[in-house]
Amino acid sequence: MKKALFILLAALAPLSAAAQEARPFDVTISNDEYKIYIKMNLHDKNLAVPGQDVLGQVDGYFGSRQSRTTWIIIASTIIDERTAEIEVVNDYGSEDFTAELKLNADGSYSYKKKDGSTLKFAVKGKWQKIPGSLKFVRK
């Protein structure tokens with residue numbers, strides 16, 4: 001019986017990996033250089049921003065390991081299986097921008113700001129401005 005259960009689980013494991021690949025925008029990705037991350041689910045649009053439950057469910061958010069500042073993905077469009085466009089606003093609602101996220105062949109993600117405000121985080125009393133193009137990896 002244990003062997004049959006093990007064989008069944010071993011057979012189902014690749015299916016779960018394939019299902020994750022079919023949802024490339026339901027993931028947490030990060031950039032270690034700037035110590036920032038993006039948690040997103042552009043498929044179901046059902047994430048809650050920690051400490052900001054009043055916003056309800058959103059498509060995702062940008063965060064920093066060095067700051068409490070949050071940028072919220074308020075709208076998104078999945079263009080194809082590897083490309084999505086996002087609309088982002090800061091946690092005060094005073095700045096916003098649009099950007100493109102792409103899943104690269106190596107499994108990393110490319111972020112490219114299209115227009116609007118500069119993505120920035122308050123770090124040690126100064127603004128850490130994030131470049132308009134950046135590479136992220138899965139965590």
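Strands here are DSSP runs of E at least two residues long, numbered from the N terminus. Keep that in mind for Thr83, which is found in strand β7. The model you are looking at is predicted, and the exercises below walk you through it.

**Exercise 1. Find out which secondary structure elements the chain contains, and in which pattern they come.**

Solution. Start with the count: the chain has 1 helix and 12 strands. Next, read along the sequence, where the pattern is α-β-β-β-β-β-β-β-β-β-β-β-β. Then look at burial: of the 139 residues in the chain, 37% are buried. Finish with the contacts. Among those between residues at least 6 apart in sequence, 39% join residues at least 24 apart.

**Exercise 2. Decide where the coordinates call for caution, using the pLDDT.**

Solution. Begin with the chain as a whole, which averages a pLDDT of 89, with 85% of the residues scoring at least 70. Now turn to residues 15–20, where the pLDDT is below 50. Beyond near neighbours in sequence, this stretch has 0 contacts in the model. Where pLDDT is low, predicted coordinates should not be read in detail.

**Exercise 3. Trace the barrel: in what order do its strands follow each other?**

Solution. Go round strand by strand: the order is β1-β2-β5-β6-β7-β8-β9-β12, and these 8 strands close into a barrel with antiparallel pairing. On average, neighbouring strands of this sheet are turned by 30° against each other, direction ignored.

Now check some of the pairs:

- β8 and β9 are antiparallel and share 7 bridges; here Phe97 stands opposite Gly116 in β9.
- β9 and β12 run antiparallel and are joined by 4 bridges; Tyr109 has Phe136 in β12 as its bridge partner.
- β1 and β12 pair in the antiparallel sense over 2 bridges; the partner of Ser30 is Val137 in β12.

**Exercise 4. Locate the largest nonpolar core and name the residues that touch the most other members.**

Solution. First, the membership: this core holds 26 residues, and Met40, Phe62 and Tyr111 touch the most other members. Second, ask which strands supply it. At least two residues each come from β1 (26–31), β2 (36–41), β6 (67–80), β7 (83–90), β8 (96–103), β9 (109–116), β10 (120–123) and β12 (133–138). The biggest contribution is that of β8, with 4 residues.

Third, zoom in on Tyr111. Leaving aside neighbours within four places in sequence, its contacts include Phe62, Phe97, Leu101, Leu119, Leu134 and Phe136. Glu100 and Ser133 are also among the contacts of Tyr111. Last, look for a separate cluster: another core, of 5 residues, lies apart from the largest one, and among its members are Val58, Tyr61, Ile72 and Val89.

**Exercise 5. Is Thr83 buried or exposed?**

Solution. Place the residue first: Thr83 sits in strand β7. Its relative accessible area is 8%, and the cut-off for buried is under 20%. Thr83 is therefore buried. To see its surroundings, set aside neighbours within four places in sequence; Thr83 is then in contact with Phe25, Thr77, Ile78, Glu100, Leu101 and Lys102.

**Exercise 6. Work out where Gln66 lies and what it touches.**

Solution. Gln66 is found in the loop between β5 (60–64) and β6. With a relative accessible area of 32%, Gln66 falls between the limits, so it counts as partly exposed. Not counting residues up to four places away in sequence, Gln66 touches Tyr34, Lys35, Ala122, Val123 and Gln128. Now compare sequence with space: Gln66 and Ile36 are 30 residues apart in sequence, while their C-alpha atoms are 8.1 Å apart.

**Exercise 7. Take Lys35 and Lys45: what is the phi of Lys35, and in which loop does Lys45 lie?**

Solution. Lys35 has a phi near 55°, a positive value in a residue other than glycine. Lys35 lies in the loop between β1 and β2 and is partly exposed, at 36% relative accessibility. Moving on, Lys45 lies in the loop between β2 and β3 (47–48). Lys45 too is not a glycine, yet has a positive phi of about 55°. Its relative accessible area is 33%, so Lys45 is partly exposed.

Definitions and conventions. Residues numbered from 1 in each chain as written. Predicted model: local features only at pLDDT ≥ 70, side-chain atom pairs only at ≥ 80, totals over all residues. Heavy atoms only, no water. Buried < 20%, exposed > 50% of the residue type's maximum accessible area, 1.4 Å probe, protein only. Contact = heavy atoms within 4.5 Å. pLDDT = per-residue confidence, 0-100. Core = buried A, V, L, I, M, F, W, Y, C linked by side-chain atoms within 4.5 Å. Pairing = 2+ DSSP bridges. Axes fitted to C-alpha atoms, helices over the stretch in contact; angles between N-to-C directions.
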